[in-house]
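Here is a note for a first-year student who is reading a model of this kind with care. Please keep the structure in view and look up each residue as it comes up.

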Amino acid sequence: MKRAILIHPDPRLKKVCAPVADISDELRALADDMLETMYDAPGIGLAAPQIGVLDRLIVLDCVKEEGAAARPLVMFNPRVVAASDETNVYEEGCLSIPEQYAEVTRPKVVDVEWIDRDGKLQSETFDGLWATCVQHEIDHLDGKLFIDYLKPLKRQMITRKMQKLKRERARV
Ligand code: K1U
Ligand code: ZN
């Protein structure tokens with residue numbers, strides 16, 4: 001089932017999410033809903049707080065090439081266990097901040113550990129867009145948005161645009 005994506009500013013997007021204890025069928029169904037919502041948007045990632053669920057769960061699939069096989073990843077309790085000194089600049093977007101993009105600098109390579117949908121501990125090294133996206137999604141679990149990396153004036157400008165967008169959407 002496709003879920004509604006919260007738009008910034010929303011207090012639920014600023015909360016630190018709680019770790020997940022057991023991987024239940026209910027949580028697996030939630031992950032499936034998030035993948036459906038992400039692909040429909042379309043997006044390359046989605047974090048549970050973006051649909052109003054304050055659990056440490058993210059999904060991502062950064063395969064963008066036409067005709068290439070999809071690689072949906074479901075990560076419960078993901079954490080960056082190592083990060084490179086080398087950084088990468090990427091023009092990020094966010095499904096909770098539609099049509100706004102800005103350059104963000106992050107570690108280029110990260111090692112991430114997470115629990116998969118079968119309850120097994122997984123780890124992988126991510127580079128390039130995958131590394132950017134997984135860090136952006138983990139930030140969501142700590143109540144952090146990509147605009148929090150920007151200068152206050154730029155952040156304020158984007159926030160005002162989003163407030164206007166929400167007012168317009170509420171009117172129709
Ligand atoms: O977390 C989110 O809101 C999803 C976000 C992830 C992200 C994008 C760019 C850099 C870091 C993290 C998005 O998916 S925004 C949409 C987007 O980037 C995209 C959409 C369709 C095709 C390709 C990219
Ligand atoms: Zn986002």
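1. The polar contacts of ligand 1. An oxygen atom of ligand 1 is 2.9 Å from an N or O atom in the side chain of glutamine 50, where a polar contact is a pair of N or O atoms within 3.5 Å, and within protein one must be able to donate a hydrogen and the other to accept it, while residues adjacent in sequence count only if both atoms are side-chain atoms. Isoleucine 44 uses a backbone N or O atom, which lies 2.7 Å from an oxygen atom of ligand 1, and for glutamate 137 a polar side-chain atom lies 2.7 Å from an oxygen atom of this ligand. Around ligand 1 there are 16 residues, of which Ile44, Gly45, Gln50, Leu95 and Glu137 come nearest; a residue is near a molecule or strand if one of its heavy atoms lies within 4 Å of it.

2. How to read the values. This is a predicted model, in which local features need pLDDT of at least 70 and side-chain atom pairs count only at pLDDT 80 or more, whereas totals for chains, interfaces and linings use all residues. Residues are numbered from 1 along each chain as its sequence is written, chains are lettered from A and ligands numbered from 1 in the order in which they are written, and side-chain values use heavy atoms, with hydrogens and water left out.

3. The zinc site. Which residues hold the protein donors of the zinc ion (ligand 2)? They are Cys94 (SG), His136 (NE2) and His140 (NE2), at 2.1 to 2.3 Å from the ion, and donors here are N, O and S atoms within 2.8 Å of the metal (3.2 Å for Na, K and Ca); water is not among the atoms, so sites may look incomplete. The spacing of these donor residues in sequence is C-x41-H-x3-H. Because cysteine 94 lies in strand S4 (residues 87-94) and histidine 136 in helix H2 (residues 128-141), the pair ties together parts that are 42 residues apart in sequence; helices (H or I, at least four residues) and strands (E, at least two) are DSSP runs, numbered from the N terminus.

4. Histidine 136 and its helix. With a relative accessibility of 8%, histidine 136 counts as buried, and cysteine 94 is buried too; buried means under 20% relative accessible area, exposed over 50%, and partly exposed in between (1.4 Å probe, protein chains only). Leaving out residues up to four places away in sequence, histidine 136 touches Glu92, Gly93, Cys94, Arg106 and Phe146, where contact means heavy atoms within 4.5 Å. Helix H2 is mostly covered, with 13 of its 14 residues buried, and glycine 143, which follows H2, has a positive phi near 70 degrees.

5. Helix H3. The 20 residues of helix H3 (residues 152-171) should span 28 Å at 1.5 Å a residue, and the end C-alpha atoms are 29 Å apart, which agrees; the expected span of a helix is 1.5 Å times one less than its number of residues. Its buried residues are Ile158, Thr159 and Met162. Seen down the axis of H3, these buried residues fall within an arc of 100 degrees, so they line one face of the helix, the arc being that of the directions from the helix axis to the C-beta atoms. The face of H3 turned away from its buried side carries the exposed residues Leu153, Arg160, Arg167 and Arg171, and strand S5 (97-107) is included in what covers the buried residues.

6. Serine 96. This residue is in the loop between S4 and S5; is serine 96 buried or exposed? Serine 96 is buried, with a relative accessible area of 0%, and its side chain reaches the backbone oxygen of leucine 6 at 2.9 Å. Among the residues that serine 96 touches, not counting those up to four places away in sequence, are Ile5, His8 and Gln50.

7. Backbone points to check. Most residues other than glycine have a negative phi, and most peptide bonds are trans. The peptide bond from histidine 8 to proline 9 is cis, with omega near 0 degrees, and a cis peptide bond also joins alanine 41 and proline 42, with omega about -10 degrees. Asparagine 77, in strand S3 (residues 73-83), has a positive phi of about 50 degrees although it is not a glycine. Glutamate 99, which is placed in strand S5, has a positive phi of about 60 degrees and counts as exposed at 68% relative accessibility.
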